Amino acid sequence: MYDVVVVGAGVVGALVARTLAKYDLKILILEKESDVAMGSTKANSAIVHAGFDAAEGSLKAKLNVRGSEMMEQVTRELGVKYNRNGSLVVAFESERKEVEKLVARGIANGVKGVRLVERKELHELEPNLNDDLDCALLAPTGAIICPYELTIAAVGNAMDNGAELKLNFEVSDIKKTDGGFAVTSSKGETVETKYLINSAGLYSDKIAAMTGDADVEVHPRRGDYMLLDRECGNFCSHTIFHTPTKMGKGILVSPTVDGNLLLGPTATDILDKEDTKTTAEGFASVVSKANDNVKNLPLNKVITSFCGLRAVGSTGDFIIKMNDGVITLAGIESPGLSSAPAIAEYVEKLLTDAGMKADVKVDYNPIRRPAHYFKTLSMEEKNEIIKKDPRYGKMVCRCESITEGEIVEALTVNPRATDIDGVKRRTRSGMGRCQGGFCSPTVVELIARELGVPFESVTKFGGASVINYGKTKGDN
Amino acid sequence: MKSVDLVIVGGGPAGMSAAVAAYDAGIKDILILERDKSLGGILRQCIHNGFGLHRFKEELTGPEYAYRYEIQVKERNIPFKTETMVLDISEDKVVTAMNSTDGMFQIKAKAIILAMGCRERPKGALNIAGTRPAGIFTAGTAQKFVNMDGYMPGKKVVILGSGDIGLIMARRMTLEGAEVKAVCELMPYSGGLARNIEQCLNDFGIPLMLSHTVVEIHGKERVEGVTIAKVDDRRRPIPETKQYIECDTLLLSCGLLPENELTRAAGISIDRITSGAVVDENRQTDIEGVFACGNVLHVHDLVDYVSEESDIAGKAAARYIKGENAAALPCTVELETDGRVRYTVPQRIVGKEDVTVYFRVADVFRDIKITVRDGERVIISKKKQKVAPGEMETVKITKDMLASLEGNKLTFSIE
Amino acid sequence: MKRELTCIVCPKGCQLTVELEGKEIISISGHTCKRGEDYARTECTAPMRTVTTTAAIIGGGVVPVKTDRVIPKELMFECMKEINKARVSPDAKLGDVVVENVLGTGANVVTTRNAKI
């Protein structure tokens with residue numbers, strides 16, 4: 001019997017599990033995919049919003065401002081890259097009123113340092129802005145982050161503190177039992193728990209329904225993104241949004257913590273929760289709207305494009321409720337990433353208020369070694385490590401300079417990667433300009449070796465996403 | 001810090017030829033740094049034949065061609081380190097590298113030859129709409145899986161791009177039992193050699209669909225199919241011509257890019273067209289004592305030419321180390337192109353000896369003249385039945401021509 | 001009857017024209033060397049190809065191999081079957097015979113590098 005089962009290992013579930021892992025509790029995280037951070041967490045704008053956007057008094061406003069405040073410490077403890085680069089919401093002259101309203105709302109929401117900047121200062125701050133832009137909201141507390149890096153680190157830290165993770169566990173049934181719940185997977189495996197946290201993202205409505213709550217509604221809103229080569233990371237230093245209109249928030253242009261440049265997203269409400277196809281129209285829309293904000297975009301440097309789905313709730317606000325041992329966290333769309341630490345804190349309070357008995361563990365350790373620590377070492381320090389473990393001297397990914405040692409780490413450190421994309425998200429191998437052309441055969445070999453599985457059963461992202469179909473010559 | 005006369009970055013055909021040439025020109029203190037498990041570079045996985053007709057007057061496979069040079073390197077006891085990655089080259093010729101046995105280390109070189117080769121253009125750069133399942137590979141990655149690892153990355157294959165590696169892989173996968181359904185080429189002509197279209201596609205009845213591209217990828221976990229379409233003369237897909245092809249694999253053979261991250265970081269000027277360093281006829285870059293040759297300089301069709309070019313670089317590096325090239329040479333001629341000729345290598349001439357100039361054209365042209373002008377004066381006019389972007393051309397600028405030049409520019413054009 | 005061919009003897013890829021009467025070759029044009037002319041002749045009578053592929057090494061891995069001379073084009077897939085059955089010693093050296101006189105063509109299948117890297 002677990003004390004807490006968390007359904008869904010996105011950024012929200014991960015931070016909830018990590019927050020609760022400091023207590024003497026038996027915690028289990030369930031994830032239907034082959035890795036953590038596979039849903040909305042994997043593909044979004046990677047922004048920690050300052051908190052000027054959400055309506056005053058809403059959960060979104062409250063949790064965003066609090067989450068943004070907490071994020072610096074959380075990322076420091078988890079060794080996750082975090083860059084408070086500041087956000088700009090730019091406007092043409094005709095949109096000035098809207099921006100002024102936004103500044104006022106930011107002040108009301110308690111966003112620190114938020115102010116209006118005029119044309120001259122604006123263009124000095126960002127020389128690549130569209131010349132016609134007139135003014136902007138500047139929020140110095142806006143930041144950028146890598147959402148899957150945060151999620152992997154949070155799950156890893158929770159596991160280091162005793163939490164368990166079951167991957168490929170798609171919840172298909174939840175039954176109320178005497179002391180709590182019996183949660184059954186599509187493969188027929190059942191686990192029992194006292195408390196259940198529903199952080200299932202796009203499927204939180206489905207999970208809620210299994211717990212007897214039919215009122216939760218979530219639908220997907222798709223967004224296309226384009227990612228540019230690291231050569232373009234200095235194109236702008238702030239995250240640049242356009243003033244929201246009735247037509248939506250527009251396309252942002254932002255550096256990423258890894259030094260790339262990100263453009264996107266589009267916003268289209270759809271029905272299919274699995275439809276992450278990119279479209280030619282999507283690309284065109286990203287490009288044309290990005291051009292409203294900036295000039296001379298180096299579009300020949302696009303290295304990849306992707307589509308993410310936000311889990312949009314029916315109420316317009318986050319849906320957070322506790323009922324009879326179940327906590328439902330639904331409709332956690334933007335600013336969900338920014339709010340995640342605060343949502344975790346909120347869940348912690350709900351549980352302790354509900355009388356959950358737990359003491360803080362004596363050996364609780366909130367610190368996790370940064371995933372990319374090897375890169376940051378001096379030549380002498382690297383040589384010390386290589387002397388002990390020669391695998392750190394063997395380069396696998398040329399474009400991003402990732403060694404065999406770092407890839408083996410990704411396959412052995414909590415939460416362990418089991419496929420190529422998992423290794424990629426943990427190490428960045430295959431994320432460079434050649435996009436895995438050179439290193440993917442070696443990565444396949446390392447996964448097969450470390451996991452003790454046949455070469456041909458290695459997948460890109462679990463399931464039937466195999467890379468190879470078997471040997472050309474049969475068995476040797 | 002350890003110092004070495006000549007450091008060669010890359011132990012493929014270019015690096016090995018350059019090493020042998022420099023050694024034979026009297027430089028014995030050489031170190032080749034190779035990132036892969038053994039010498040040979042990309043030739044190790046190019047197991048098809050067709051190499052060496054110029055160089056060795058016989059038809060060899062890639063591994064055999066590489067072996068000829070490997071033997072020469074080993075006979076001369078030229079030191080090399082494999083599984084060694086060069087991380088940085090500084091302007092004052094300090095090479096930083098890393099491997100398992102030495103860790104990270106630095107070497108001060110008198111001269112450096114860059115021979116890192118090239119890589120394939122990835123999918124991202126193409127922005128194909130649709131899903132992102134497993135089963136999308138560059139042709140070279142598939143070649144590595146099939147030829148080096150002995151695994152089949154696909155059973156039903158569509159190939160986008162008609163570069164030589166794609167054509168070679170069409171035959172290779174067919175021989176291993178896969179069904180190659182089509183090769184789509186965006187341009188109205190193929191990017192590969194005519195012989196490869198004949199022996200890799202026509203021999204097996206694989207259609208080459210010119211002016212076609214892949215507009216959408218289908219499949220959730222593994223590729224299940226692609227939608228292709230014909231493109232108009234501005235290379236935009238024509239919606240009415242869309243057709244679905246069922247397949248589990250999409251191979252991309254959409255061009256090669258010289259791998260010049262180290263070159264760029266060292267501050268060496270890069271030619272916008274070749275994506276390789278700007279060099280003189282000695283293959284010397286604009287940093288004195290740093291040379292470049294092979295596919296890192298510009299993408300070649302034939303390894304024989306890579307070897308030829310690397311000989312030049314190796315010999316020139318030897319002369320430089322011995323101080324024979326030390327004085328700045330007086331005669332500097334810039335080579336310019338008309339656009340129909342896309343680029344030349346070298347881009348400038350500093351000496352007075354014969355120079356073979358390599359170049360590529362921008363489109364397929366028939367019954368034309370390749371013309372070289374000194375100002376208004378035509379100094380070379382060479383008739384050709386056909387020139388194509390996929391096939392590198394050469395002309396020789398003789399020392400007599402150089403001696404009698406009036407200007408300091410030579411313009412290459414197609415007329 | 002005229003037959004247009006692309007010569008595969010060297011990377012030049014000359015466009016060849018062969019004039020035929022029935023099976024008899026009347027004239028060959030477009031070639032720029034003797035080998036091209038020979039190619040046109042055999043291509044119109046009994047086309048031949050070199051097969052390059054890999055063979056399994058005992059204990060794991062593959063080694064590249066080739067037919068050491070051209071074989072009839074229509075035998076390529078049969079030849080692949082023979083090669084796929086073969087198992088090469090891990091100590092094999094470049095040039096070692098993997099399949100002798102494959103399908104009675106007179107060609108040996110030989111390795112094109114040492115089995116051990």
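**Strands, cores and contacts in a predicted model**

In chain B of this predicted model, strand β25 (residues 365-374) is joined to β28(B) by four bridges, and the two strands run antiparallel. Within this pairing, Thr371(B) stands opposite Ser413(B) of β28(B). Strand β28(B) also has a second partner: four bridges connect it to strand β21 (residues 333-337) of chain B, and here the strands run parallel. In that pairing, Thr337(B) has Phe412(B) of β28(B) as its bridge partner.

Strand β28 (residues 409-414) of chain B can also be described by its two faces. Leu410(B), Phe412(B) and Ile414(B) form the covered face, whereas Lys409(B), Thr411(B) and Ser413(B) form the uncovered one. Phe412(B), the bridge partner of Thr337(B), thus belongs to the covered face, while Ser413(B), opposite Thr371(B), belongs to the uncovered face.

These strands are part of a larger chain. Chain B contains eight helices and 28 strands. Its C-alpha trace spans about 65 × 60 × 40 Å along the principal axes. A compact globule with 415 residues would have a radius of gyration near 22 Å, and chain B agrees with this expectation because its own value is 22 Å. Of the 415 residues in chain B, 56% are buried. Among contacts in chain B with a separation of 6 or more, 64% are between residues 24 or more positions apart.

The next topic is the interior. In soluble globular proteins, nonpolar side chains tend to be buried together. In this model, the largest nonpolar core has 129 residues. The members that touch the most other members are Ala17(A), Ile27(A), Ala136(A), Leu137(A), Val155(A), Ile197(A) and Ile343(A). Val155(A) serves as an example: leaving aside residues up to four places away in sequence, Val155(A) touches Ala9(A), Ala14(A), Ala17(A), Ile29(A), Val36(A), Leu165(A) and Pro415(A). Apart from this core lies another, of 109 residues, whose members include Ile420(A), Tyr67(B), Ile89(B) and Val306(B).

Chains A and B also meet directly, with 43 residues of chain A in contact with 39 residues of chain B. On the side of chain A that touches chain B, the elements giving two or more residues are α7 (280-293), β18 (302-313), α9 (379-388) and α12 (440-451) of chain A. The residues of this side comprise 17 nonpolar, 17 polar and nine charged.

Chain C remains to be described. Its domain assignment gives domain 1 (2-45) and domain 2 (52-111). The centres of these two domains of chain C, taken over C-alpha atoms, are separated by 29 Å.

Technical notes
Residues numbered from 1 in each chain as written. Chains lettered and ligands numbered in written order. Predicted model: local features only at pLDDT ≥ 70, side-chain atom pairs only at ≥ 80, totals over all residues. Domains from an automatic or database assignment. Core = buried A, V, L, I, M, F, W, Y, C linked by C-beta atoms within 7 Å. Buried ≥ 20, exposed ≤ 12 C-beta atoms within 10 Å, placed from the backbone. Contact = placed C-beta atoms within 7 Å. Rg over C-alpha atoms; globule rule 2.2 N^0.38 Å. Nonpolar A, V, L, I, M, F, W, Y, C, P; charged D, E, K, R; others polar. Pairing = 2+ DSSP bridges.
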